[in-house]
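Here is a short report for a reader meeting this structure for the first time. Start with the display, then read on.

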Amino acid sequence: MCEHREAGVANMVQWRNVAGKNSNVENFQNGNDNQIAFSRGGKAFVALNRDPYNTWQTNVYTGLPAGAYCDVVHSLDSDDTSSCSNVVNVDDNGRADISVSTKYAVALHTGAKK
């Protein structure tokens, strides 16, 4: 198996590169014991849902500039945001409504704006 060739894995490598090596975890938030979200350096945001039964639907502070972002976990191609299957809109206050399926994630970064 070559997991690194899967789009979601490759896109998360790009997410990490955009976040940068020296950016701190910021804006840490949680839903329940199995749900967390945080941003890195105002350039990247991720929400993780390890809950096996419930989708996490919430409004979170992303720390990102306003705009439409491609959820890179669900994107088909990291270099082509036109193939984005899940768009998340961040408002002028840096907040976004997100829905994270059970045992899944939503990841956004400034290099993948729609």
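How much surface does the chain expose, and what share of it do carbon and sulfur atoms supply? The chain exposes about 6400 Å². Carbon and sulfur atoms supply 45% of that area.

## Overview

This is a predicted model. The chain holds one helix and eight strands. Along the sequence the pattern reads α-β-β-β-β-β-β-β-β, with the helix ahead of the strands.

The chain has 114 residues, and 37% of them count as buried. Consider the contacts with a separation of 6 or more. Residues 24 or more positions apart account for 57% of these.

## The open sheet

Four strands make up an open sheet. Their order is β1-β2-β3-β8, and the pairing is antiparallel. The edges are β1 (25-30) and β8 (104-109), and each of these pairs on one side only. From one strand to the next, the twist averages 10°.

Strand β3 covers residues 44-49. Six bridges join β3 to β8, and the two run antiparallel. Within this pairing, A47 stands opposite V106 of β8.

## The disulfide

A disulfide is a covalent bond between the sulfur atoms of two cysteines. How many does a search of the whole structure find? The search finds one. C70 and C84 form it, with their sulfur atoms 2.4 Å apart. The link is right-handed, with 110° about the S-S bond.

The pair links distant parts of the chain. C70 sits in strand β5 (residues 67-70). C84 lies in the loop between β5 and β6 (87-90). The two cysteines are 14 residues apart, and both are buried.

## Two nonpolar cores

The largest nonpolar core has 14 residues. Which of them touch the most other members? They are F45, A47, V88, I98, V100 and L108. Strands β3, β4 (56-61), β6, β7 (95-100) and β8 each supply at least two residues of this core. β7 gives the most, with three. Another core lies apart from this one. That second core has 12 residues, among them A19, F38, C70 and A105.

Take I98 from the largest core. Which residues does I98 contact, leaving aside its neighbours within four places in sequence? The list is F45, A47, W56, Q57, T58, V60 and V88.

Some residues turn up in more than one part of this picture. A47 stands opposite V106 and also belongs to the largest core. C70 helps form the disulfide and is a member of the 12-residue core.

Note on methods
Residues numbered from 1 in each chain as written. Predicted model: local features only at pLDDT ≥ 70, side-chain atom pairs only at ≥ 80, totals over all residues. Heavy atoms only, no water. Pairing = 2+ DSSP bridges. Axes fitted to C-alpha atoms, helices over the stretch in contact; angles between N-to-C directions. Disulfide = S-S within 2.5 Å. Buried < 20%, exposed > 50% of the residue type's maximum accessible area, 1.4 Å probe, protein only. Core = buried A, V, L, I, M, F, W, Y, C linked by side-chain atoms within 4.5 Å. Contact = heavy atoms within 4.5 Å. Areas by Shrake-Rupley, 256 points an atom, 1.4 Å probe, with all protein chains shown as cover.
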